[in-house]
Structures are given as structure tokens and as C-alpha cells.
Amino acid sequence: MMTFEFELRCPITADLGLMRDLVRIHGHHCGLPRGRLEDLVLAVNEAVTNVLDHGGGSGTLTARTAAGQIVVEILDVGGRLTRDHLASARVDPAGSHGYGLWVIQHLCDEVALEQTGHGSLLTLRVRHHPAVPHRPDHRPDQHVRSDHHPAQPVGVP
């Protein structure tokens with residue numbers, strides 16, 4: 001049996017529909033189940049929106065399959081996203097925006113951030129089968145997200 005590995009690499013553009021479509025096609029070809037695929041597409045949409053609004057307006061999106069999961073890297077040119085931003089991500093019920101990092105951390109199995117010489121590199125990992133099954137009554141705060149070092153939790157306690 002032949003195995004093909006696909007990698008998606010493209011510049012981030014303001015055409016969010018195109019960005020979502022590319023990630024959806026890539027995830028589908030890599031066998032990501034529909035529910036997990038939609039989680040990934042929404043998380044990437046939020047990450048790309050953050051690049052456009054706060055990360056210098058441009059960057060690169062890379063997606064690949066690795067050991068039963070999809071790994072998406074979003075590199076922005078601004079380099080302003082920090083681990084503190086991830087750690088302090090909350091939902092303000094009175095707010096009308098600013099949920100992106102919180103949403104990303106609750107849809108992905110792992111979220112990591114590192115500063116590179118080219119900007120902030122946000123890495124999202126979505127397993128084909130989540131560690132905690134998604135259920136309508138599932139509360140996102142039951143997940144623990146990790147940053148670059150899995151022993152250091154990031155996100156909502």
C-alpha cells in the first residue's frame with residue numbers, strides 16, 4: 001500500500017474563505033473526521049484573523065500530517081504574539097470580540113507558540129481522534145492546553 005503525505009504551504013491572505021477552503025481540503029485529504037476538521041478550520045480562521053489584525057498583516061500557513069494528527073503552523077511577520085497572550089486568553093461575556101486565542105485553545109488538542117527570527121510561530125495540533133470526545137454537554141474548560149513545553153499548561157485552568 002502506498003502512502004502519500006501532503007503538505008500545504010501558502011501565504012496568509014485576507015481572503016479568509018480561501019484560507020478555510022485550503023485547510024478543509026488538506027484536512028479532508030489527510031483523513032481528518034468531519035467534526036475534527038471543522039474544529040481545525042475554525043481554529044485556523046481565528047489564527048489567520050489574528051495575523052491580519054495584530055500580527056503584521058502577513059505571514060505563512062503550513063499544514064501537514066504527523067502521527068495521526070494535523071499540524072498547522074501559522075507564522076506572522078509581526079512577532080507580537082506571546083505565551084502571555086495565550087495564558088491570559090479569556091471570554092468576556094460583555095465583549096463583542098477578542099475570543100480568538102481562547103477559541104483556538106479549546107478546539108485544538110495542543111497549541112504551542114515560539115518566537116523565531118521571522119515572527120511568532122503558532123502551532124496547532126488536531127488529532128484524528130481527540131483525547132476527550134466532543135459532546136454537546138462537553139465544557140471546553142475540561143481540556144488542558146499546552147504551550148511549547150507540554151509540562152507547562154496554557155489556557156483556562
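Mentor: Helices (H or I, at least four residues) and strands (E, at least two) are DSSP runs, numbered from the N terminus. The model is predicted. In these terms, alanine 67 lies in the loop between E2 and E3.

Trainee: How many helices and strands are there in the chain?
Mentor: From the N terminus on, the order of elements is β-α-α-β-β-α-α-β-β-β-β. By type, the chain holds 4 helices and 7 strands.

Trainee: What percentage of the residues of the chain count as buried?
Mentor: The accessible surface of the chain comes to about 8700 Å², and carbon and sulfur atoms hold 57% of that surface. A residue counts as buried when its relative accessible area is under 20%. Of the 157 residues, the buried share is 39%.

Trainee: Which are the edge strands of the open sheet?
Mentor: The open sheet has 5 strands in the order E1-E2-E3-E5-E4, with antiparallel pairing. An edge strand pairs on one side only. That applies to E1 (7-11) and E4 (110-116).

Trainee: By what angle are neighbouring strands of this sheet turned against each other on average?
Mentor: The strands in question follow the order E1-E2-E3-E5-E4. With direction ignored, the average turn between neighbours is 15°.

Trainee: Which residue stands opposite isoleucine 74?
Mentor: Strand E3 (residues 69-76) and strand E5 (residues 119-127) run antiparallel and are joined by 7 bridges. The residue that isoleucine 74 faces belongs to E5. That residue is leucine 122.

Trainee: What angle does the direction of helix H1 make with that of E1?
Mentor: Helix H1 (residues 16-29) packs on the sheet. There H1 touches E1, strand E2 (59-65) and E3. The angle between the directions of H1 and E1 is about 170°.

Trainee: How many residues lie between E4 and E5 in their hairpin?
Mentor: E4 and E5 run antiparallel, and 7 bridges join them. Across this pair, glutamate 114 stands opposite leucine 121 in E5. The number of residues between the two strands of the hairpin is 2.

Trainee: What distance separates the end C-alpha atoms of H1?
Mentor: H1 has 14 residues, and at 1.5 Å a residue it should span 20 Å. The distance between its end C-alpha atoms agrees with that: 20 Å.

Trainee: What arc do the buried residues of H1 cover around the axis?
Mentor: Met19, Val23, His26 and Gly27 are buried in H1. Their arc is narrow enough to put them on the same side of H1. An α-helix has 3.6 residues a turn, so residues three or four places apart point the same way. The arc covered is only 95°.

Trainee: Which residues on the other side of H1 are exposed?
Mentor: The buried residues of H1 are covered by elements including E1, helix H2 (34-54), E2 and E3. Exposed means over 50% relative accessible area. On the other side of H1, that describes His28 and His29.

Trainee: Is histidine 26 buried or exposed?
Mentor: Histidine 26 is found in helix H1. Leaving out residues up to four places away in sequence, histidine 26 touches Phe6, Glu7, Leu8, Ala63, Arg64, Thr65 and Ile70. Its relative accessible area is 7%, and the limit for this class is under 20%, so histidine 26 is buried.

Trainee: What is the phi of alanine 67?
Mentor: Most residues other than glycine have a negative phi. Alanine 67 is not a glycine, yet its phi is positive. Alanine 67 is also exposed, with a relative accessible area of 82%. The phi of alanine 67 is about 50°.

Trainee: How many of the 8 residues of helix H4 are buried?
Mentor: Helix H4 covers residues 100-107, and its buried residues are Gly100, Leu101, Val103, Ile104, Gln105, His106 and Leu107. Tryptophan 102 also has its place in H4, but at 22% relative accessibility tryptophan 102 counts as partly exposed. H4 is therefore largely enclosed by the rest of the structure, and its buried count is 7.

Trainee: How far apart in space are asparagine 50 and leucine 101?
Mentor: Asparagine 50 lies in helix H2. Not counting residues up to four places away in sequence, asparagine 50 touches Gly55, Gly100, Leu101 and Ile104. Asparagine 50 and leucine 101 are 51 residues apart in sequence, but their C-alpha to C-alpha distance is 8.5 Å.

Notes
Residues numbered from 1 in each chain as written. Predicted model: local features only at pLDDT ≥ 70, side-chain atom pairs only at ≥ 80, totals over all residues. Heavy atoms only, no water. Pairing = 2+ DSSP bridges. Axes fitted to C-alpha atoms, helices over the stretch in contact; angles between N-to-C directions. Contact = heavy atoms within 4.5 Å. Expected span 1.5 Å × (residues − 1). Buried < 20%, exposed > 50% of the residue type's maximum accessible area, 1.4 Å probe, protein only. Arc of directions from axis to C-beta. Areas by Shrake-Rupley, 256 points an atom, 1.4 Å probe, with all protein chains shown as cover.
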